[in-house]
Amino acid sequence: MEDRQILTDALKFHGHRCWASVAGLRVGLAALRALEVSRSGGAQLYAILETGEEHGGMCFGDGIQFTTGCTLGKGNIRKNPLGKLAVTLIDKDGERAVRVSYKPTLQKQIAGSAFMQQRAAGVPPDEISEAEQQEVVDLVWDAPEGDILTVGEVFPYEHNWLPEVMGFTPCQACGELVAQAYLRVVGERKLCIPCSGYNR
Ligand SMILES: [Zn+2]
Ligand SMILES: [Zn+2]
C-alpha cells in the first residue's frame, strides 16, 4: 500500500476529495514504478495525458501532476484529448515509456455512492460532507492495483526533444518580460506578440 501521506498532500493540493484525482494518483504511482523512476523534480519525465476538456473526471490530471512531477508549470505535460483516464509517462533519458489506464471496475460503486448521488443532483464537491467524500476516495485508494489499473509493457520511446531557450528580454513597447522565442521583430524593435500586432 502506498504512503497515505501522498494521498493527504495531493488532496490538499487538489482542493477537494474526489475519485478521479485519486485514480490519477494510483495511475501516476504505477507508471513511476513500471519505469523504475522517481517523481520528476526537473524535466526528466514527460507525460501525455488523455483527458480532454469540459468533462467529469478531469481531476484525474491533478493526480498525475502530483505524483509524476510532470506539471503545467514545468511544461513537461500535455494533453492528447481523448476523454480517457490514461497517461503515457516517458522517461526521456532512458528513452522508454509506459501507458497506464484506469479500469471501469469501480464505476458502479462510485456512481451509487452518497458523494456521486449529490454531485449528480448538482451539489458542488466541497459542500458534500467529509465522511461522504472520504468514502469514495478510500474506495479508489484501497483497491487492489490489478482491479483498477492496466499497466502496459514498457516500450522504447525516442523523441527529438527541443531544448529550452533561456533568457527574457523586456518588450520595447510595453516593457514586460518576454521569453526570447516569443519576441517579434517589427522594424528596429523587438516586441511582445500583442504589441507587435502579429497573431502569433
Ligand atoms: Zn476533483
Ligand atoms: Zn509588449
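**Reading a zinc site, two pockets and the aromatic pairs**

Reply: This is a predicted model, and the donors of the zinc ion (ligand 2) follow the spacing C-x2-C-x17-C-x2-C along the chain.

Me: Which residues coordinate the zinc ion (ligand 2), and at what distances?

Reply: Coordination is provided by the SG atoms of Cys171, Cys174, Cys192 and Cys195, at 2.3 to 2.4 Å.

Me: What is the geometry of the site of the zinc ion (ligand 2)?

Reply: The site is tetrahedral, with angles of 98 to 115° among the four donor atoms. Four donors count as tetrahedral if all angles lie between 85 and 135 degrees.

Me: Is Cys171 to be read as buried or exposed? And how does Cys174 count?

Reply: Cys171 has a relative accessible area of 4%, so this residue is buried. Cys174 has 37% relative accessibility and therefore counts as partly exposed. The cut-off for buried is under 20% and that for exposed is over 50%.

Me: Let us turn to pockets. How much space lies in the largest pocket, and which residues are the closest to its centre?

Reply: The general idea is that rolling a probe the size of a water molecule over the atoms shows where empty space is left. In this structure, the largest pocket holds about 360 Å³ of space. Its lining comprises 16 residues, of which Tyr46, Gly75, Lys92, Trp161 and Leu162 are the closest to the centre. By class, the lining of the largest pocket has eight nonpolar, four polar and four charged residues.

Me: How much space lies in the second largest pocket, and which elements give two or more residues to its lining?

Reply: The second largest pocket contains about 290 Å³ of space. Among the 16 residues that line this pocket, Trp19, Ala20, Gly56, Gly57 and Met58 are the closest to its centre. Helix H2 (19-35) and helix H5 (114-120) are the elements that give two or more residues to the lining, and H5 gives the most, with three residues. The lining of the second largest pocket divides into nine nonpolar, five polar and two charged residues.

Me: How many aromatic pairs does a search of the whole structure find, and how should one be read?

Reply: A pair of aromatic rings is described by the distance of the centres and the angle of the planes. The search finds five aromatic pairs in the whole structure. For Phe13 and Phe66, the ring centres are 5.9 Å apart and the planes stand at 40°, so this pair is tilted. Phe13 lies in helix H1 (residues 4-14) and Phe66 in helix H3 (residues 60-68); with their positions 53 residues apart, the pair links distant parts of the chain.

Me: Which residues do ring pairs link into a cluster?

Reply: The cluster consists of Tyr46, Phe155, Tyr157 and Trp161. Of these, Tyr46 and Trp161 are also among the residues closest to the centre of the largest pocket.

Notes. Residues are numbered from 1 along each chain as its sequence is written. Chains are lettered from A and ligands numbered from 1 in the order in which they are written. This is a predicted model: local features need pLDDT of at least 70, side-chain atom pairs count only at pLDDT 80 or more; totals for chains, interfaces and linings use all residues. Side-chain values use heavy atoms; hydrogens and water are left out. Donors are N, O and S atoms within 2.8 Å of the metal (3.2 Å for Na, K and Ca); water is not among the atoms, so sites may look incomplete. Four donors count as tetrahedral if all angles lie between 85 and 135 degrees; four count as square planar and six as octahedral if opposite donors are over 155 degrees apart and all others between 65 and 115; anything else is irregular. Buried means under 20% relative accessible area, exposed over 50%, partly exposed in between (1.4 Å probe, protein chains only). On a 1 Å grid over the protein atoms alone, a cavity is a set of points where a 1.4 Å probe fits but cannot get out, and a pocket is an open set with protein on both sides within 12 Å along at least five of seven lines; lining residues have an atom within 4 Å of a point. Grid points are joined across faces, edges and corners, and a volume is the space filled by probe spheres set on the points. Ala, Val, Leu, Ile, Met, Phe, Trp, Tyr, Cys and Pro count as nonpolar, Asp, Glu, Lys and Arg as charged, and the others, Gly among them, as polar. Helices (H or I, at least four residues) and strands (E, at least two) are DSSP runs, numbered from the N terminus. Rings of Phe, Tyr and Trp (its six-membered ring) pair if their centres lie within 6.5 Å; planes under 30 degrees apart count as stacked, over 60 as edge-to-face and the rest as tilted.
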